[in-house]
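Hi everyone, thanks for making time for this. I'd like to walk you through one structure today, so have a look at it while I talk.

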Amino acid sequence: MRLSSTLSLYMGRQYLQSVALVFLLVIITILIADTIELLRRASGPDKAATLEIVLQMASLHIPFMAQKALPFIVLVGGILTFAKLTRSRELVVARGAGVSVWQFLLPALVIAVLLGGLFMTVVNPLASATTARYEQLDATYLRGNSSLLAVSQSGIWLRQGDSESQSVVHAERIDHESMTLYDTIIFLYAKDDQFVGRIDAAEARLEDGYWRLTDALFSAPGEAARHQENAEVATDLTAERIQNSFSPPETLSFWALPSFIEVLEQSGFSSVKHRLYWHSLLAVPLLLCAMVLIAATFSLRFTRRGTWVLVLGGLLTGFLLYFVSDLVLALGLSGKLPPVLAAWTPAGIFTLLGVAGLFHLEDG
């Protein structure tokens with residue numbers, strides 16, 4: 001039997017209303033919880049964050065958290081929709097008229113795919129911009145530091161220094177295992193940001209508390225340049241601080257990630273974390289479809305005694321998905337799984353589980 005457009009629109013409208021309701025409740029909960037946590041972090045005597053800054057940070061964090069919570073929102077929205085339609089006997093009547101479970105699930109699946117595509121291509125760029133601003137405010141007012149590292153088409157840029165002097169290090173590429181910079185330029189500044197000189201070096205290797213320079217040329221305004229085969233320049237940077245100074249992949253939009261990954265690889269840095277995040281974004285539509293299937297599996301056949309048991313089972317399955325996703329992503333970050341496999345495995349596994357459950361429900 002061909003599903004009528006009237007029934008499709010009705011099913012789609014019911015599903016969208018439930019998802020919108022759950023989305024609103026989740027966003028309000030996230031905003032309150034984020035505000036409380038940020039107020040706690042800003043309560044120290046050495047913190048400069050005001051209430052206005054805290055509220056701004058909590059608001060900036062909403063798009064990213066909404067993106068993270070989207071699978072759970074789709075799951076709970078599906079459970080509410082199918083539970084309501086089952087209790088009102090609307091689905092019983094539809095199935096009695098010859099409409100299969102796959103036919104009346106089609107509108108919800110289409111909406112899930114469209115939501116996934118919308119969040120991936122439109123909401124994610126917004127979330128990346130607000131997350132970048134959030135990280136900047138967090139570093140300035142709560143953590144007390146800012147990013148030391150920037151990677152671009154022009155190469156690698158590092159900032160180091162103290163209250164007395166500052167320097168900016170530029171290099172064409174880096175060997176991240178030995179922490180050696182190649183084709184290095186160090187721009188030297190006094191504490192009032194006055195330029196005082198530069199150092200050009202073929203290589204700069206990070207040691208404990210200093211850069212070991214090879215084939216270095218020192219130059220300063222009004223002075224003759226001098227060459228040293230080997231030299232040392234003090235630094236407070238460590239390999240761990242440099243690695244941790246990377247802007248997290250969440251601050252880069254879906255559209256900007258491929259080019260940034262290419263720049264990372266050309267510069268000598270590992271792109272596993274960013275590649276993994278990009279593929280996890282690509283997998284969002286499939287993941288949302290899996291949530292619709294799981295919701296249908298646990299809510300299309302209610303009994304009076306087992307209603308809340310089945311609802312609880314659906315919610316626990318959603319939390320299980322988060323656990324499995326974090327586990328597989330951790331394996332991907334550690335290099336034990338390829339990024340593509342680690343990103344797509346949770347969505348693929350739970351889609352197959354949902355399909356298997358519905359086949360059992362439909363055909364017995």
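Let's start with F254. This residue is buried, with a relative accessible area of 9%. One thing to say up front: what you're looking at is a predicted model.

Now, right beside F254 in the sequence is W255, and here's a nice contrast: buried or exposed? W255 is exposed, at a relative accessible area of 55%. The cut-offs help here: F254 counts as buried because its 9% falls under 20%, and W255 counts as exposed because its 55% is over 50%.

Those two rings form an aromatic pair, F254 with W255, and the geometry is edge-to-face. The centres are 5.1 Å apart, with 80° between the planes.

F254 has another partner as well, W278. That pair is stacked, with 6.1 Å centre to centre and 25° between the planes. What I like is that this one links distant parts of the chain. F254 sits in the loop between α5 (239–244) and α6 (257–267), while W278 is in helix α7, residues 272–282, so the two are 24 residues apart. W278 is partly exposed, with a relative accessible area of 21%.

Put it together and F254, W255 and W278 make one aromatic cluster. Across the model, the count of aromatic pairs comes to five.

Staying with rings for a moment, let's look at charges. The charged end of R173 sits over the ring of Y182, 4.3 Å from its centre. R226 does this with F218: its charged end sits over that ring, 4.5 Å from the centre.

Okay, on to the nonpolar cores. The largest one has 50 residues. Which of them touch the most other members? They are F82, F104, L105, V292, L300 and L358. Several helices supply at least two residues each, including α1 (5–41), α2 (51–87), α4 (101–143) and α10 (339–363). The largest share, eleven residues, comes from α8.

Take L105 as an example. If you leave aside neighbours within four places in sequence, L105 is in contact with F82, V292, L293, A296 and L358.

Apart from that core lies another one, of 32 residues. Among its members are I186, A201, F218 and A231. You've met F218 already: that's the ring under the charged end of R226.

That's my tour, so over to you for questions.

Terms used
Residues are numbered from 1 along each chain as its sequence is written. This is a predicted model: local features need pLDDT of at least 70, side-chain atom pairs count only at pLDDT 80 or more; totals for chains, interfaces and linings use all residues. Side-chain values use heavy atoms; hydrogens and water are left out. A nonpolar core is a set of buried Ala, Val, Leu, Ile, Met, Phe, Trp, Tyr and Cys residues joined through side-chain atoms within 4.5 Å. Buried means under 20% relative accessible area, exposed over 50%, partly exposed in between (1.4 Å probe, protein chains only). Helices (H or I, at least four residues) and strands (E, at least two) are DSSP runs, numbered from the N terminus. Contact means heavy atoms within 4.5 Å. Rings of Phe, Tyr and Trp (its six-membered ring) pair if their centres lie within 6.5 Å; planes under 30 degrees apart count as stacked, over 60 as edge-to-face and the rest as tilted. A charge sits over a ring if NZ of Lys or CZ of Arg is within 6 Å of the ring centre and within 35 degrees of the ring normal.
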